[in-house]
Amino acid sequence: MFYGIDLSSRLMLGTAQYPSPRVLAEAIAASGAEVITVSLRREGAGGGAFREILKGLNCRPLPNTAGCHSVKEAVTTAQMAREVFGTNWIKLEVIGHADTLQPDPFALVEAARVLCADGFEVFPYTTEDLIVGERLLEAGCKVLMPWGAPIGSGQGLRNRDGLRTMRAHFAGVPLVVDAGIGAPSQAAEAMEMGFDAVLLNTAVAKALDPVAMARAFGQAVAAGQAAHTAGLMPKRDMAEASTPIFGMAELV
Amino acid sequence: MRLEVNGTAREVAAETLDALLVEIGVDLASVATALDGEFVPRGQRAATPLTDGARVEIVAPMQGG
């Protein structure tokens, strides 16, 4: 449950960088995603056209504060997004570093506190740091979104152990792996580890065939989720024959 | 008066934020506004006076990740 909303597809898809609006719409449909991320930019940069596209998509928008580097910028952007998109949901990004686009955890927690107190339902883009996660929950967040790898890098789950620890530490808190996913196998892995959803954009938008890739991601996320529910077998150091030894013919 | 609208200097006749949006031909229902870095809700635009040199931001929905 994400702020009381149950999603049948656990893939959340970004809407940027697609070759055309038609491909965007077809990719979203093929992926099965019910939540799509959107942004706010200065009027006049093609906003009217996107507004029309958005209406036809029939998805729940998750506006972001992409590009914000300070608490004030992020809070003001969130306030504007709430009015324009008509939702309390906000993907809170407060960027701390230009090259890695790593979140600034101090500003993130502060912005989350301001926004939660103002009635927002905050999806904070964070790292796998447990203490930052706890502070975000204390601030009022009911979802956490740790990064897989730097935004747009396609590196997958760069710190598996850290993410596994985070999953175990925050049992019961919806966790979404956001950013850095480059391949469906990586999305499936996050779901197999027990994450509640995966959010990605570039891996689909920049694929040779975005619609086919969107479908592949939708299937991978569903498979990973089903596998987690089914319960993965434990790993062993040595082999264990799967075919029974009993009843084997003596042929030597 | 002279304003900075979305980063561009502009000479306008409007004296309120609401009037500015009408003057520059923006779809009032689908944009959000900020004045000098502070959010101005739709319902307060008409009562928000503009002063010379003010910075106005007008934003609209866009693709995002």
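# Worked exercises: strands, a helix and two pockets

In this predicted model, strands β4(A) and β5(A) run parallel and are joined by 4 bridges. Let's start from there and work outwards.

**Exercise 1. Work out the strand order of the open sheet that holds β4(A), and find which strands stand at its edges.**

Step 1: Take a bridge between β4(A) and β5(A) as your starting point: A:K91 sits opposite A:F123 in β5(A).

Step 2: Now look for the next neighbour. Strand β5 of chain A covers residues 121–126 and has 2 bridges to β6(A), again running parallel. Over in β6(A), A:P146 is the bridge partner of A:T126.

Step 3: Put the pieces in a row. You get an open sheet of 3 strands in chain A, ordered β4-β5-β6, with parallel pairing.

Step 4: Check the ends. β4 (89–92) and β6 (145–146) of chain A each have a single partner strand, so each has one side without a neighbour in the sheet, and that puts them at the edges.

A quick reminder about pairing: strands of a sheet pair through backbone hydrogen bonds, and they can do that in parallel or antiparallel fashion.

**Exercise 2. Decide whether the faces of β4(A) and of β1(A) are covered or not.**

Step 1: Split β4(A) into its two sides. One side has A:W89 and A:K91, the other has A:I90 and A:L92.

Step 2: Check burial, where the cut-off is under 20% relative accessible area. All four of those β4(A) residues are buried, and both faces are covered.

Step 3: Do the same for β1 (residues 11–14) of chain A. A:L11 and A:L13 lie on one side, A:M12 and A:G14 on the other; all are buried, and again both faces are covered.

Step 4: Add the partners of β1(A). It has 3 bridges to β8(A), running parallel, with A:L11 opposite A:V198. It also has 3 bridges to β2(A), parallel as well, where A:L13 has A:I36 as its bridge partner.

**Exercise 3. Place A:I181 in the chain and say whether it is buried or exposed.**

Step 1: Find the spot: A:I181 is in the loop between β7 (176–178) and α7 (184–192) of chain A.

Step 2: Use the cut-off for buried, under 20%. The relative accessibility of A:I181 is 4%, which means it counts as buried.

Step 3: See what touches it. Beyond its neighbours within four places in sequence, A:I181 has contacts that include A:G154, A:L157, A:V198, A:L200 and A:F217.

**Exercise 4. Test the length of helix α3(A).**

Step 1: Count 15 residues in α3(A); at 1.5 Å a residue, the expected span is 21 Å.

Step 2: Compare with the model: the end C-alpha atoms are 21 Å apart, so the two agree.

Step 3: Look just past the helix. A:G86 follows α3(A), and its phi is positive, near 65°.

**Exercise 5. Describe the two largest pockets.**

Step 1: Begin with the largest pocket, at about 450 Å³. It has 29 lining residues, and among those nearest its centre are A:I151, A:N201 and B:G65.

Step 2: Sort that lining by class: 10 nonpolar, 15 polar and 4 charged residues.

Step 3: Move to the second largest pocket, at about 380 Å³. It is lined by 16 residues, and those closest to its centre include A:E73, A:M80 and B:V59.

Step 4: Ask who contributes. α3(A) gives the largest share of this second lining, 5 residues. By class, this lining divides into 6 nonpolar, 4 polar and 6 charged residues.

Definitions and conventions:
Residues numbered from 1 in each chain as written. Chains lettered and ligands numbered in written order. Predicted model: local features only at pLDDT ≥ 70, side-chain atom pairs only at ≥ 80, totals over all residues. Heavy atoms only, no water. 1 Å grid on protein atoms, 1.4 Å probe; cavity = no way out; pocket = protein on both sides within 12 Å on 5 of 7 lines; lining within 4 Å. Points joined across faces, edges and corners; volume = space filled by probe spheres on them. Nonpolar A, V, L, I, M, F, W, Y, C, P; charged D, E, K, R; others polar. Expected span 1.5 Å × (residues − 1). Pairing = 2+ DSSP bridges. Buried < 20%, exposed > 50% of the residue type's maximum accessible area, 1.4 Å probe, protein only. Contact = heavy atoms within 4.5 Å.
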